[in-house]
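Here is a short tour of one sheet and two residues beside it. Have a look at the model first, and then read on.

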Amino acid sequence: MASQALSHVFGVSQSLTGRAWRWRGGNMELGNGQALGDDIVRQLLLSRGVAPDDIERHRRPTLRNFLPDPSLFRDMDAAADRIAQAVIAGETITIYGDYDVDGATSSALLIRLLRDLGVEAGYYIPDRLLEGYGPSGEALVRLGEQGSSLIVTVDCGAMAHEALGMAHDAGIDVIVVDHHKCAAELPKTVALVNPNRLDEEDEAASHGHLAAVGVAFLLAIALVRTLRERGYFEMRKEPDLLALLDVVALGTVADVAALHGLNRAFVAQGLKVMARRESIGMAALIDASRLKRAPACSDLGFALGPRINAGGRVGESTLGVRLLTTQDPEEAREIAAQLSALNEERRAIEAEVQEAAEEQLAAQHNRAVHLLAGEGWHPGVIGIVAGRIKEKTGKPSLVIALDGETGKGSGRSIAGVDLGAAIIRARDEGLLVAGGGHAMAAGLTVASERIENLAEWLDTTLEAQVARASAGREMALDLAVAPGGLTPELVESLEGAGPYGVGWPGPRVAVGPVRLVKCDIVGTDHVRLIAAGDDGKSFKGIAFRAAESDMGQALLHGARGRRLWLAGRVKIDDWGSRPQAELHVEDAAWAD
């Protein structure tokens, strides 16, 4: 098996997308589906780095087996102590959240928790276009003047030195709950809880993959424990913390946090809470997403999350928090419908910006980093468009929305290229007004006159990294089946090692060899196909946003009479009277 793992799968050294095919773990050719069940789950877990003696803990991830003691984290006890004081004294508390899904779910979690503790907390979500990311000193001071003696920022604040300094000077207590990168010097706060603090101990720092909503849940545990020690629940029922896992799961997946360790437990258990539909707002969101079943992990990222995000991107920034905290079913239905409408508007705006951005791509064919900029592009969609361009080209991409003399940009990177570090360095060298991020994503503000300088600097700085990353492009495969093995039972077996996401990739399956019976374009640029194998069995597949790619063109026009291997994720198609397995095609290779 070791030698097979090192060789190319089916001899594919260069697929139609330019990748070599290799086994992620060992050779798993299952033919028509034999050896399903526990054996395949064990292999999937091993290939994702689980030690053989730790299989059972990861097979069914629970909080009991993955939850750390919240007191491990610096300032956690100080934060819990200050909030407990405010709860007991009946102080006015305001939650200051970011405008994305992680910010909305983090805010909703603390608001719901404090409500169960007898405190109606206020909230403040800044407007993306008018105020931008992070706490505003003016807004913090204004909240203090309006009576808030304690403000808790969530999913923002770790680098807001000036704003938090203003709040400190005004005598306002601020607690920061965040997960973004920190500087060595921390802003002035009562407490700053963040596993990515540079001074965190190793065990706490190992949870740096948590989304802010995960950090907020740990704070919730610490707060309830502190109140319990002070006798707060002698005459009051303790809140059900597990009921908050629906928003933890949603925020974790939608923020593209790595789904290993504690995050997998959060999502696995949170999906169970979601299925019970106990939260009025979450139930309305599920219904507005037109789901006729309990949500799966992928639904959080592709159906529920985008609707919450739409409020912050192109609508009213408070809609997500309002939906996830309302106790009125009619209000929940109205907000969920409004968010769905905004999501459709966001799609249209995104399509316009993407079309305009792609028109600039031809002139940047030889660049290592694509930098695309346009006057009047909506800042709320540039991150999504950057991700689309990155997926299409296989190169780091930045999209900048120009507004006169300045532009706001968002970038997405590829594995092996640290875009966030490059943006921070560009800022330090004076190329940017502001900028930051992490390896795979970054944001920036740049003077319009410096954009070409920035493009050239990024191209020079990252050229070697991009070249190394591109040369090593591979498609990691988990198993291979004949067409007859592509069954609902296979899909069910593969789900046994889920939930899947970033850092815990969903299984990729190779199917073939096959001939294409039918292949055409559906929607704007999706390639739909029917493939048949030597075993006489056929199946349906679809390659999303692939019509104009080299692979899409080969499938549409070059595959007649030729045999192929197809690779991708297997999903259930339940539109018909009987559920069937279909392949979401990510790659293909000639079989002869």
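## A parallel sheet and two buried residues

Strand 2 (residues 93–97) and strand 4 (residues 150–154) run parallel and are joined by 5 bridges. Strands here are DSSP runs of E of at least two residues, and helices are runs of H or I of at least four, both numbered from the N terminus. Please keep in mind that this is a predicted model, where local features need pLDDT of at least 70, side-chain atom pairs count only at pLDDT 80 or more, and totals for chains, interfaces and linings use all residues. Residues are numbered from 1 along each chain as its sequence is written, and side-chain values use heavy atoms, with hydrogens and water left out.

One bridge partner to look up is Val-154 in strand 4, which belongs to Gly-97. The open sheet has 5 strands in the order 3-2-4-5-6, with parallel pairing (two strands pair if DSSP finds at least two bridges between them). Its edge strands, strand 3 and strand 6 (191–193), each pair on one side only.

Now for the two residues, with contact meaning heavy atoms within 4.5 Å and buried meaning under 20% relative accessible area (1.4 Å probe, protein chains only). The contacts leave aside neighbours within four places in sequence.

| Residue | Relative accessibility | Contacts |
|---|---|---|
| Gly-134 | 8%, buried | Tyr-96, Pro-126, Cys-156 |
| Ser-107 | 0%, buried | Ile-95, Gly-97, Ile-125, Val-154, Val-321 |

Gly-134 lies in the loop between strand 3 (122–124) and helix 7 (137–145). Its C-alpha is 5.2 Å from that of Cys-156, 22 residues away in sequence. Ser-107 sits in helix 6 (residues 101–116).

Note on methods
Buried < 20%, exposed > 50% of the residue type's maximum accessible area, 1.4 Å probe, protein only.
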